[in-house]
Amino acid sequence: MSTAKIQHVSEEEENYLRMHLLMTGISSRAVRVLFDKEFSPVCLDATIKKETGKLIDLKIKRIINGPQWKLLFPRVGVPDSNTFDVTLMVALLRNLTKLPPPTYGYDNLPLSTDTTPTADLARIKHYRNSLAHFGDGKIKSTVFVTAWEDISGALKRLGGLDMAEECQELRSKHLDQSTVPWNIRGKILDKKL
């Protein structure tokens, strides 16, 4: 398999690629740091069993879907937060902990001055949803700069200095076939043809 450079990618397409890598890679690990503080990995199975009633209610309300349910109650072994996606972790943090909700709720972008852990979760959720609406695989640079600063600040607060350094590295890293996920790479190449 070739590791050729991705040719003829516009700045807006590169912004999208960087944001996608940030949101699918670093953000889930940063959320997991908070998640594992609230739900200690050694107690996760017991906590889930204790909260089964609430979890059933979340499943009925479609806050937790079938595949996520299987991660919470695996046929073999015990649940492992390393298999949980951001959506599931945020749902559990939001519904099973005593963390105070962000000032404007989880469904709105918090003010930049609100740097509480739950505001950072709402921030990540907001930008993940926004990324899904950039169907053309492009993000304007003005939008990208603001979003990147907002998200990388949240990831630093949630995940620590190592994740802040990863954000910095990803911001300037040369993107080629080996760093861009196949599904995103295909999206851009299809548009170029």
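This is a short walk through the core, the aromatic pairs and a few single residues of one structure. Keep in mind that what you're looking at is a predicted model.

Okay, let's start in the middle. The largest nonpolar core has 45 residues, and the ones that touch the most other members are M19, L22, L55, F84 and L92. Who contributes? Helices α1, α2, α3, α4, α5, α6, α7 and α8 each give two or more residues to this core. The largest share comes from α1, with 11 residues.

Take L92 from that list. Leaving out residues up to four places away in sequence, L92 touches F35, F39, L55, I64, L72, F84 and T97. Hold on to F35, F39 and F84, because those three are linked into a cluster by ring pairs.

That brings me to the aromatics. How many aromatic pairs does the structure hold? Four. I'll show you two of them.

One is F35 with F84, an edge-to-face pair with 5.7 Å from centre to centre and 80 degrees between the planes. What does that pair tie together? F35 sits in helix α1, while F84 is in the loop between α4 (66-72) and α5 (86-96), so the pair joins parts that are 49 residues apart in sequence. Both rings belong to buried residues: F35 is at 0% relative accessibility, and F84 is at 2%.

The other one is W69 with F73. Here the ring centres are 4.6 Å apart and the planes meet at 40 degrees, so we call this pair tilted. On burial, the two partners fall into separate classes: W69 counts as buried at 18% relative accessibility, and F73 counts as partly exposed at 27%. The cut-off for buried is under 20%, which is why W69 and F73 get those labels.

Now for the cysteine people. How many disulfides turn up in a search of the whole structure? Zero. If you want to find cysteines on the screen, look at C43, which is partly exposed at 39% relative accessibility, and at C167, which is buried at 2%.

Next, two polar residues. First up is S28, in helix α1, residues 11-38. Is S28 buried or exposed? It's buried, with a relative accessible area of 14%. The side chain of S28 reaches the backbone oxygen of G25 at 3.1 Å. If you ignore its neighbours within four places in sequence, S28 is in contact with M23, V86 and M89.

Then there's R123, over in helix α6, residues 117-132. This arginine counts as buried, at 0% relative accessibility. What does R123 touch once you set aside residues up to four places away in sequence? The list is L109, P110, L111, S112, D114, D150, A154 and R157. So you can see two aspartates, D114 and D150, among the residues that R123 contacts, and another arginine, R157, as well. As for L111, it's 12 residues from R123 along the chain, and their C-alpha atoms are separated by 9.2 Å.

To recap: a 45-residue nonpolar core, with α1 giving the largest share, a ring cluster of F35, F39 and F84, zero disulfides, and an arginine, R123, that counts as buried. That's it from me.

Note on methods:
Residues numbered from 1 in each chain as written. Predicted model: local features only at pLDDT ≥ 70, side-chain atom pairs only at ≥ 80, totals over all residues. Heavy atoms only, no water. Helix = DSSP H or I, 4+ residues; strand = E, 2+ residues; numbered from the N terminus. Buried < 20%, exposed > 50% of the residue type's maximum accessible area, 1.4 Å probe, protein only. Polar contact = N/O pair within 3.5 Å; in protein donor to acceptor, adjacent residues only side chain to side chain. Contact = heavy atoms within 4.5 Å. Phe/Tyr/Trp six-rings, centres within 6.5 Å; stacked < 30°, edge-to-face > 60°. Disulfide = S-S within 2.5 Å. Core = buried A, V, L, I, M, F, W, Y, C linked by side-chain atoms within 4.5 Å.
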